[in-house]
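Biologist: I would like a close look at the empty spaces in this protein, and then at the charged pairs and the surface around them. Please take me through it slowly, as I am in my first year.

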Amino acid sequence: MLQLNSHDQSYNTLVERVLKEGQVRPDRTGTGILGIFGHFMDFDVSESIPLLTTKKINFANILTETIWMFVQGSTNIKYLQDNNVNIWNSWANSQGELGPIYGKQARDFQGYKEIDGEILIPNIDQIANVIENIRTNPYSRRHLITLWNPATVPEDSNDFEQLVKDGYSALPVCHGVVIQFYVSEGNRLSLQVYVRSNDVFLGLPYNLINYTLLLYMIANVLDMKPFKVNYMIGDVHIYKDHIDKIKLQLKRQPFKAPSLLVNPKVKNFDDYVISDFSLINYQSHKPISAKVSV
């Protein structure tokens with residue numbers, strides 16, 4: 001039965017705002033965008049997840065990408081390709097490398113500190129650290145991860161081979177600039193993420209589920225209940241060649257939001273595999289294909 005759900009409605013509200021208030025702007029890809037600056041959405045994910053129903057979203061691809069980034073900490077696309085995920089192909093170099101992008105920063109961040117004049121560059125597993133910090137000091141205000149490492153932010157260039165060779169990431173991270181966790185009454189865990197730049201039609205539906213999955217994964221290993229995903233975007237944009245497609249999507253009435261089950265036996269974050277996740281009762285309209293701007 002077709003019905004409104006709050007997740008799809010929050011997305012539709014954003015789309016309508018960009019279409020109404022957005023300014024035409026040039027962009028790095030040369031496609032052109034309609035954009036606004038700054039938007040906030042919050043999603044209660046305790047009973048359902050914000051996987052859009054007004055067009056079919058490939059949950060399997062998002063799950064694979066999430067494990068690749070946050071569990072494996074990988075920066076090579078081989079695992080993605082082996083699992084039929086090809087969304088990163090255009091940015092990888094000839095060896096399949098993307099440089100120090102999401103996975104590197106999440107699981108092996110190169111930090112900096114100085115002690116008695118000696119410069120130290122420690123490698124920091126931010127996900128392992130935040131899990132341990134939540135476990136031992138749940139009400140701390142310091143449960144933070146950042147995937148934004150200024151030393152690896154690339155120049156504005158599409159020569160991805162050279163960027164990776166020079167130690168940069170092929171693209172600067174779009175999401176996960178700041179990821180913060182919050183424990184509330186009832187043993188509930190929430191996540192808030194800042195996204196510096198989001199393509200509303202293609203990128204946002206994926207990234208929102210990346211972080212919903214991350215919340216569920218961490219809550220599960222800590223025996224906590226996932227509660228809220230707060231999603232904050234800086235540069236919000238719809239590519240010009242997506243406008244007609246997103247208007248078509250707006251005309252569709254949403255279905256009931258699906259739910260997610262995670263294997264409760266997994267208590268070590270590094271042990272997660274694809275088979276530990278089950279998407280329940282996902283019903284959607286047909287997919288709407290669109291070109292990715294590179």
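Modeller: What follows goes from the enclosed space to the open one, and then to the surface and the salt bridges. Please keep in mind that this is a predicted model, and that the values below were computed from it.

Let us begin with the enclosed space. Rolling a probe the size of a water molecule over the atoms shows where empty space is left. When the whole structure is searched in this way, 1 cavity of 30 Å³ or more is found, and the volume of the largest cavity comes to about 40 Å³. Its lining is made up of Pro 100, Gln 105, Leu 147, Trp 148, Asn 149, Thr 152, Val 153, Ser 169, Pro 172 and Val 173. If you sort these lining residues by class, you find 6 nonpolar and 4 polar ones, while no charged residues take part.

From the cavity we can turn to a pocket, which is an open space rather than a closed one. The second largest pocket holds about 210 Å³ of space. Its lining has 14 residues, and those closest to the centre of the pocket are Ser 46, Tyr 216, Pro 226, Leu 260 and Val 262. Three elements, namely α7 (203–221), β10 (225–239) and β11 (259–262), each give two or more residues to this lining, and the largest share, 4 residues, is the contribution of β11. By class, the lining of the second largest pocket divides into 7 nonpolar, 3 polar and 4 charged residues, whereas the lining of the largest cavity has no charged residues.

Next comes the surface, where Tyr 112, Ile 119 and Ile 121 form a nonpolar patch that together has about 360 Å² of accessible area. Tyr 112 sits in the loop between β3 (109–110) and β4 (113–115). Tyr 112 counts as exposed because its relative accessibility is 57%, and the cut-off for that word is over 50%.

Finally, there are the charged pairs. Side chains of opposite charge can pair when their charged atoms come close, and the structure holds 8 salt bridges. In one of them, the side chains of Glu 21 and Arg 17 meet with a distance of 3.0 Å from N to O. Glu 21 and Arg 17 are separated by about one helical turn, because they stand 4 residues apart in helix α1 (residues 6–21). Glu 21 counts as partly exposed because its relative accessibility is 45%, and Arg 17, at 25% relative accessibility, counts as partly exposed too.

A second example within a helix is the salt bridge between the side chains of Arg 135 and Glu 132, at 3.1 Å from N to O. Both residues belong to helix α5 (residues 126–136), where they lie 3 residues apart, about one turn of the helix. Arg 135 has 43% relative accessibility and so counts as partly exposed, and Glu 132 is partly exposed as well, with a relative accessible area of 38%.

Another salt bridge joins Asp 108 to Lys 104, and here the closest N and O atoms are 2.7 Å apart. With a relative accessible area of 28%, Asp 108 is partly exposed. To end with a group rather than a pair, Arg 107, Asp 125 and Asp 270 are linked in a network of salt bridges.

Terms used. Residues numbered from 1 in each chain as written. Predicted model: local features only at pLDDT ≥ 70, side-chain atom pairs only at ≥ 80, totals over all residues. Heavy atoms only, no water. 1 Å grid on protein atoms, 1.4 Å probe; cavity = no way out; pocket = protein on both sides within 12 Å on 5 of 7 lines; lining within 4 Å. Points joined across faces, edges and corners; volume = space filled by probe spheres on them. Nonpolar A, V, L, I, M, F, W, Y, C, P; charged D, E, K, R; others polar. Patch = residues over 30% accessible without salt bridge, like charges linked within 9 Å, V, L, I, M, F, W, Y side chains within 5 Å. Areas by Shrake-Rupley, 256 points an atom, 1.4 Å probe, with all protein chains shown as cover. Salt bridge = Lys/Arg side-chain N within 4 Å of Asp/Glu carboxyl O. Buried < 20%, exposed > 50% of the residue type's maximum accessible area, 1.4 Å probe, protein only.
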